[in-house]
Amino acid sequence: MSSIKPLVAVLCAGVLGLQGCASERSETALDQAAASFQAVKDDSNVLRSAPRDVIRAGESLARAERLSSYVGSGADVRHYAYLSQRYSEIAREHSNLVLNQERLAKLELERQRLQLACARPSWSACSSRANGWRRRSSAWPRPRATVAW
């Protein structure tokens with residue numbers, strides 16, 4: 001019986017040590033998720049273009065923080081911290097997508113405006129540029145016409 005007590009003490013110390021490592025990993029995951037969420041929350045473009053993803057990231061982070069106070073919930077804390085980080089990344093990428101689509105629309109309008117401007121012969125800059133291209137292209141040898149009999 002006396003040999004069992006030291007064994008139990010060693011096992012308890014080992015379990016507490018492992019739980020300390022697990023809680024440290026949980027705290028690291030929670031800190032990373034909080035930093036990622038704060039960066040997304042502070043970006044007005046992300047808030048404007050992906051509010052649902054920002055809300056999901058905040059909800060997952062809040063759940064992870066609530067679970068961190070319970071003993072033995074390290075896996076759940078890491079899981080919800082992971083979800084919060086992924087939702088933050090999704091929000092950031094969604095924002096990038098929306099911003100790029102807006103840029104594309106502006107550039108398309110600018111391209112159409114320039115095409116219309118160059119189509120008018122009254123604009124000397126466009127017509128002189130077109131004349132320069134015509135002169136250069138007329139100097140190129142023309143391909144021979146082949147006739148199939």
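## R56 and its partner

R56 is partly exposed, with a relative accessible area of 38%. This value, like every other one here, comes from a predicted model. The side chain of R56 meets that of D53 in a salt bridge, at 3.2 Å from N to O. The partner D53 is buried, at a relative accessible area of 9%. That figure falls under the 20% limit for a buried residue, whereas the 38% of R56 lies between the limits of 20% and 50%, so R56 counts as partly exposed.

Both residues belong to helix α3. They sit 3 residues apart, about one turn of the helix.

## Confidence

The average pLDDT of the chain is 79. A score of at least 70 is reached by 66% of the residues. Residues 12-22 fall below 50. This stretch makes 3 contacts in the model beyond near neighbours in sequence. Where pLDDT is low, predicted coordinates should not be read in detail.

## Overall fold

The chain has 149 residues. It holds 5 helices and 0 strands. Along the sequence the pattern reads α-α-α-α-α.

Of the contacts with a separation of 6 or more, 68% join residues 24 or more positions apart. Buried residues make up 21% of the chain. The accessible surface is about 11500 Å². Carbon and sulfur atoms account for 60% of that surface.

## Helix α3

Helix α3 covers residues 51-67, 17 residues in total. From its first C-alpha to its last, α3 reaches 24 Å. That is close to the 24 Å expected at 1.5 Å a residue.

Several α3 residues are buried: D53, V54, A57, G58, S60, L61, A64 and L67. D53 in this list is the acidic side of the salt bridge with R56. V54, next in the list, leads into the core described below.

## Nonpolar core

The largest nonpolar core has 15 residues. Which residues have the most contacts inside it? They are V54 and A91. Three elements give two or more residues to this core: α1 (4-42), α3 and α4.

V54 touches A91 itself. V54 also touches F37, V40, V46 and L47. Residues up to four places away in sequence are left out of this list.

## Salt bridges in α4

The count of salt bridges comes to 5. One of them is the D53 and R56 pair in α3. Two further pairs lie in helix α4, which spans residues 74-119.

E108 pairs with R111, with the closest N and O atoms 2.4 Å apart. The two residues are 3 apart in α4, about one helical turn. E108 is partly exposed at 29% relative accessibility. R111 is also partly exposed, at 40%.

E110 pairs with R113 at 2.7 Å between the closest N and O atoms. Again the residues are 3 apart in α4, about one helical turn. E110 is partly exposed, with a relative accessible area of 33%. R113 is partly exposed at 44%.

How does the D53 and R56 pair in α3 stand beside these, buried or exposed? Its acid, D53, is buried at 9%, while its base, R56, is partly exposed at 38%. In α4, the acids E108 and E110 are partly exposed.

Terms used:
Residues are numbered from 1 along each chain as its sequence is written. This is a predicted model: local features need pLDDT of at least 70, side-chain atom pairs count only at pLDDT 80 or more; totals for chains, interfaces and linings use all residues. Side-chain values use heavy atoms; hydrogens and water are left out. pLDDT is the predictor's confidence in each residue, from 0 to 100. Contact means heavy atoms within 4.5 Å. Helices (H or I, at least four residues) and strands (E, at least two) are DSSP runs, numbered from the N terminus. The expected span of a helix is 1.5 Å times one less than its number of residues. Buried means under 20% relative accessible area, exposed over 50%, partly exposed in between (1.4 Å probe, protein chains only). Accessible areas come from the Shrake-Rupley method with a 1.4 Å probe; for residues, only the protein chains shown count as cover. A salt bridge is a side-chain nitrogen of Lys or Arg within 4 Å of a carboxyl oxygen of Asp or Glu. A nonpolar core is a set of buried Ala, Val, Leu, Ile, Met, Phe, Trp, Tyr and Cys residues joined through side-chain atoms within 4.5 Å.
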